[in-house]
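Here are a few friendly notes to help you find your way around. Have the sequence and the 3D view open as you read.

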Amino acid sequence: ITVELLNGDTIPAQIVGRDIAYDLAVLRVNRGNLPTVTVGDSSKISVGESVVAIGSPLGLAGTVTSEIISAKDRAVTAGNRTSEGSFINALQTDAAINPGNSGGPLVNGQGQMVGVNSAIASLADSASSQAGSIGLGFSIPVNQAMRVAREIIETGKSTRPLMGVNIDPTFTGVGAKLIGLTTGGA
């Protein structure tokens, strides 16, 4: 694993641990005096608040797009629906998030990281279609991402509750609609 800094410097890194379902990892680099981001509180962000998505969409390093928080606690399925995916209560933004932005920070107007760019809604109809931003981007709230990161740092792995049920993703009523049990699940 190699970490590349904005100035082009590269640093070898080791994986401390990762959470595949959330697509999050903690890396260790042996170099001091690196710049850091201030971590905000995602529970305090408001719908309509300005945010900036930072990443490397399509390999274009250091790309910044700005818009607003469109919704909070948006139930989103991220990952492969046929294997271990994750359900997150995401921050929804209309800031352009494209392939390559995943893992980049979502930053509020005070320069605080409030989310980790994670997924987009797309009109692509198959795995061979290239997905791109249609103004529906989703970020893991930083409070959740930091909980996962702290757990990885402390134990080398991340845990989360598992219900052993399949949820109807098309249900639009209050709560959730269960459509079955997961074979061999909890």
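**Notes on the sheet, its helix and the salt bridges**

1. A good place to begin is the open sheet, in which three strands follow the order β1-β2-β3 with antiparallel pairing. At the edges are β1 and β3 (24–29), each pairing on one side only. From one strand to the next, the twist averages 50°. Please keep in mind that this is a predicted model.

2. Now look at how β1 meets its partner. Strand β2 covers residues 10–19, and three bridges join β1 to this antiparallel neighbour. Within the pairing, V3 stands opposite I11 in β2. Helix α1 (residues 142–155) packs on the sheet and touches β2 and β3. The direction of helix α1 makes about 95° with that of β2.

3. How many salt bridges does the structure hold? There are three. One of them links the side chains of D9 and R31, at 3.4 Å from N to O. D9 sits in the loop between β1 and β2, while R31 sits in the loop between β3 and β4 (38–39), so this pair ties together parts that are 22 residues apart in sequence. D9 is partly exposed, with a relative accessible area of 31%, and R31 is partly exposed at 37%.

4. Another salt bridge brings us back to the helix that packs on the sheet. Here R147 pairs with E151, and their closest N and O atoms are 3.0 Å apart. Both residues lie in helix α1, four residues apart, which is about one turn of the helix. Are these two residues buried or exposed? R147 counts as partly exposed, at 30% relative accessibility. E151, at 18%, counts as buried because the cut-off for buried is under 20%.

5. D168 and K177 also form a salt bridge, with the closest N and O atoms 3.9 Å apart. D168 is buried, with a relative accessible area of 14%, whereas K177 counts as partly exposed at 40% relative accessibility.

6. Finally, turn to the surface. Which residues make the nonpolar patch there? The patch is made by I1, I15 and L27, and its area is about 270 Å². I1 belongs to the segment before β1 (2–4). With 57% relative accessibility, I1 counts as exposed, since exposed means over 50%.

Conventions:
Residues are numbered from 1 along each chain as its sequence is written. This is a predicted model: local features need pLDDT of at least 70, side-chain atom pairs count only at pLDDT 80 or more; totals for chains, interfaces and linings use all residues. Side-chain values use heavy atoms; hydrogens and water are left out. Patches are made of residues with over 30% relative accessible area and no salt bridge: like charges are joined within 9 Å, nonpolar side chains (Val, Leu, Ile, Met, Phe, Trp, Tyr) within 5 Å. Accessible areas come from the Shrake-Rupley method with a 1.4 Å probe; for residues, only the protein chains shown count as cover. A salt bridge is a side-chain nitrogen of Lys or Arg within 4 Å of a carboxyl oxygen of Asp or Glu. Helices (H or I, at least four residues) and strands (E, at least two) are DSSP runs, numbered from the N terminus. Buried means under 20% relative accessible area, exposed over 50%, partly exposed in between (1.4 Å probe, protein chains only). Two strands pair if DSSP finds at least two bridges between them. Axes are lines fitted to C-alpha atoms, for helices over the stretch in contact, and angles run from 0 to 180 degrees between N-to-C directions. Contact means heavy atoms within 4.5 Å.
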